[in-house]
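Hi,

Here is the structure I promised to pass on. My notes on what turned up in it are below; have a look whenever you get a moment.

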Amino acid sequence: MKSELRGDYSRAGKDYSVEQNWSSYSGEEHALFQRLFQRQSKLVPRYACAEWIEAIAGLDAGNEIPKFDLISKKLKAKTGWAIVAVPGLIPDDAFFSHLANRRFPVTVWLRKPAEFDYIVEPDVFHDFFGHVPLLFDRVYADHLHEYGKGGLKAMKLDAVKMLARLYWYTIEFGLVRTPAGVRAYGAGLLSSGGELAHCVESPEPRRLNFELERILRTDYQIDRYQTTYFVIDSFAQLMRETAPDFTPIYARLRSSASSAARKPAPAA
Ligand SMILES: [Fe+2]
């Protein structure tokens, strides 16, 4: 783990889980969460996918930082998922293991007021507002479970970097086609004050059809709006097209990358 991560990892278990310790949040933190929630809630009717909008409406979660155990009870009943509190970013093996066991890691701490518009690391607002509602959708939830299992497998195949691009271009920055136009389902978009409108309305970024192999070989930028988004037709498509064994795909992409690297550079 990088030492500059800002969470308190001293009390984390082997799987990086911690107590949420809800009573330790201050009134200012609850108020800040409420302001973030309200700002994004004005945007989502226009830019979020219907499944996310439906799920958040059933959560009654905008007045204060949510109690993870209460949300987990609802999630368990609907799709068999639970929230697990974590101090912040966690190593790949712990992250994939949680997903493979239908547990979604949610950071316990909230950003500072100065970070209202932008935060580098995921906090409780990003993790909860962006990720948790779609865990109530059966197909999405099953897909994320499969992704976790695929992550553990990718670790053995030394292919996490390729697989992480799938997560980035779907779970974090994915768009879905709807009769009303493209809408966001990626958590990085849903929790962003600026990129949520940008990803749907701006003429600048490319919006490409979902294409697994292209995604696995497309690098991404973490510090600016995306220049390329991938658009799915439905969560069922995402589930279907990521179902095959990725082992031969990783091997193919690796060999085409290395043969490209061996080609002589063109003369200047
Ligand atoms: Fe995220």
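The largest pocket holds about 1,600 Å³ of space. Bear in mind that this is a predicted model. In total, 47 residues line that pocket, and those nearest its centre are L89, V120, P122, W168 and E172. As for which elements give two or more residues to its lining, they are helix 4 (92–100), strand 2 (103–107), helix 5 (124–131) and helix 7 (160–172). Helix 7 contributes the most, with seven residues. If you're wondering about the chemistry in there, the lining of the largest pocket splits into 24 nonpolar, eleven polar and twelve charged residues.

There's also a second largest pocket, with about 390 Å³ of space. Its lining is made of 16 residues, and D8, R11, E19, Q20 and V108 are the ones nearest the centre. By type, the lining of the second largest pocket comes out as six nonpolar, four polar and six charged residues.

Back to helix 7, since it has a packing partner too. Helix 6 (residues 138–156) packs against helix 7 at an angle of about 160°, and the two axes are 9 Å apart. The cut-off for calling a pair roughly antiparallel is an angle over 145 degrees, so helix 6 counts as roughly antiparallel to helix 7. The crossing of helix 6 past helix 7 is left-handed.

Now for the sheet. It's an open one, built from four strands in the order 4-3-6-5, with mixed pairing. Strand 4 (181–184) and strand 5 (206–209) sit at the edges, each pairing on one side only. On average, neighbouring strands of this sheet are turned by 40° against each other, ignoring direction.

And how do the individual strands pair up? As a reminder, strands of a sheet pair through backbone hydrogen bonds, either parallel or antiparallel. Here's what I have for strand 3:

- Strand 3 (residues 175–178) runs parallel to strand 6 (residues 228–232), and two bridges join them. L175 has V231 in strand 6 as its bridge partner.
- With strand 4, strand 3 pairs in the antiparallel sense, over four bridges. Here R177 has V182 of strand 4 as its bridge partner. The connection from strand 3 to strand 4 is a hairpin, made through two residues.

If you only want one place to begin looking, here are the two views I'd open. One is the largest pocket around L89, V120, P122, W168 and E172, the lining residues nearest its centre. The other is the sheet, with its strand order of 4-3-6-5.

Cheers

Notes. Residues are numbered from 1 along each chain as its sequence is written. This is a predicted model: local features need pLDDT of at least 70, side-chain atom pairs count only at pLDDT 80 or more; totals for chains, interfaces and linings use all residues. Side-chain values use heavy atoms; hydrogens and water are left out. On a 1 Å grid over the protein atoms alone, a cavity is a set of points where a 1.4 Å probe fits but cannot get out, and a pocket is an open set with protein on both sides within 12 Å along at least five of seven lines; lining residues have an atom within 4 Å of a point. Grid points are joined across faces, edges and corners, and a volume is the space filled by probe spheres set on the points. Ala, Val, Leu, Ile, Met, Phe, Trp, Tyr, Cys and Pro count as nonpolar, Asp, Glu, Lys and Arg as charged, and the others, Gly among them, as polar. Two strands pair if DSSP finds at least two bridges between them. Axes are lines fitted to C-alpha atoms, for helices over the stretch in contact, and angles run from 0 to 180 degrees between N-to-C directions. Angles under 35 degrees count as roughly parallel, over 145 as roughly antiparallel, 65 to 115 as roughly perpendicular and the rest as oblique. A crossing is left-handed if the near helix is turned anticlockwise from the far one by less than a right angle, and right-handed if clockwise.
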